[in-house]
Amino acid sequence: MKQRIAIIIACVITFSLYSSCKIGYSFTGASLSPEVKTFFVDYFANRARIVNPKLSQEFNNKMNDKFSNELGLTSQRNGGDIEFSGQITRYETRPLGIETTSDGRDIAGQMRFTIGVRVKFVNNIDHDKDFNQTFTAYEDYTSSQNFASIEDEYVGVILDKIITDIFNKSAANW
């Protein structure tokens with residue numbers, strides 16, 4: 001009889017510990033509160049010195065796709081459980097290093113294409129998760145490549161990196 005009572009007490013304690021340990025887990029790595037159902041992405045104006053006219057729209061579309069598809073949240077036109085606002089602050093190419101050609105001329109060997117986005121994130125369910133941060137990513141290319149021929153492809157790659165970082169910071173809390 002004592003053994004049965006001990007087993008029942010052990011089961012109750014184990015169940016109590018198991019049910020009190022709430023671990024958020026998902027295949028996307030997201031750890032948002034289950035109360036978060038909607039999101040809002042404000043228009044990110046391009047305030048960089050060089051303006052790519054398609055960049056703001058592409059960034060906003062990718063942000064909406066990321067949070068809709070990976071978290072199943074509903075996009076709102078104004079306000080939401082989580083909100084993103086900010087601006088594109090950087091869009092530039094710079095030489096990384098100088099190489100000397102066979103005829104003795106110095107030229108840029110590698111170039112770096114960089115995009116930066118300042119993001120203000122507001123979590124209306126848990127304001128402890130709010131942040132205001134600049135996210136930057138880049139791709140390198142050789143100076144022999146024509147930038148115009150790789151620009152669109154690299155914009156997509158860089159925006160994917162930045163949006164993944166924003167996703168990880170806001171939804172996965174990394």
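Which residue takes a positive phi in the hairpin of β4 and β5? Good morning, everyone; let's start there. The answer is G104, with a phi near 90 degrees, in a hairpin that has 5 residues between its strands. Before I go on, please keep in mind that this is a predicted model.

Now to the strands on either side of that turn. Strand β4 covers residues 82-100, and strand β5 covers residues 106-123. They pair in the antiparallel sense, over 17 bridges. If you would like to follow the register on your screens, try two pairs. E83 of β4 has V122 of β5 as its bridge partner, and Y91 is matched with I115 in β5.

Let's stay on β4 for a moment and look at P95, which is found in that strand. What does P95 touch, once we leave out residues up to four places away in sequence? The list is A108, Q110 and M111. You can also check the backbone here: the C-alpha atoms of P95 and R112 are separated by 6.3 Å, and these two residues are 17 apart along the chain.

Moving on through the sheet, β5 also pairs with strand β6, residues 131-142. This pairing is antiparallel too, and it runs over 12 bridges. A handy place to see it is K120, which stands opposite N132 in β6.

Back to β4, because it has parallel partners as well. Strand β1, residues 38-41, pairs with β4 in the parallel sense over 3 bridges, and F39 stands opposite I82 there. Strand β2, residues 45-46, runs parallel to β4 and is joined to it by 2 bridges. For that pairing, look for N46, whose bridge partner in β4 is I88. As a general reminder while you browse, side chains in a regular strand alternate between the two faces of the sheet.

Now for the helices. Helix α2 spans residues 55-71 and helix α3 spans residues 147-170. They pack at an angle of about 45 degrees, with axes 10 Å apart. That angle makes α2 oblique to α3. The crossing of the two is right-handed.

Who makes the contact? On the α2 side, the residues are L55, E58, F59, K62, M63, K66, F67, E70 and L71. On the α3 side, we have V155, G156, L159, D160, I162, I163, T164, I166, F167 and S170. Sorted by class, the contact of α2 with α3 has 11 nonpolar, 3 polar and 5 charged residues.

Two of those contact residues deserve a closer look, K62 and D160. In general, side chains of opposite charge can pair when their charged atoms come close. Here the side chains of K62 and D160 meet in a salt bridge, at 2.8 Å from N to O. The pair links distant parts of the chain, with K62 in helix α2 and D160 in helix α3, 98 residues apart. How many salt bridges does the structure hold? There are 8.

That's my tour, and thanks for listening!

How values were computed. Residues are numbered from 1 along each chain as its sequence is written. This is a predicted model: local features need pLDDT of at least 70, side-chain atom pairs count only at pLDDT 80 or more; totals for chains, interfaces and linings use all residues. Side-chain values use heavy atoms; hydrogens and water are left out. Axes are lines fitted to C-alpha atoms, for helices over the stretch in contact, and angles run from 0 to 180 degrees between N-to-C directions. Helices (H or I, at least four residues) and strands (E, at least two) are DSSP runs, numbered from the N terminus. Angles under 35 degrees count as roughly parallel, over 145 as roughly antiparallel, 65 to 115 as roughly perpendicular and the rest as oblique. A crossing is left-handed if the near helix is turned anticlockwise from the far one by less than a right angle, and right-handed if clockwise. Contact means heavy atoms within 4.5 Å. Ala, Val, Leu, Ile, Met, Phe, Trp, Tyr, Cys and Pro count as nonpolar, Asp, Glu, Lys and Arg as charged, and the others, Gly among them, as polar. Two strands pair if DSSP finds at least two bridges between them. A salt bridge is a side-chain nitrogen of Lys or Arg within 4 Å of a carboxyl oxygen of Asp or Glu.
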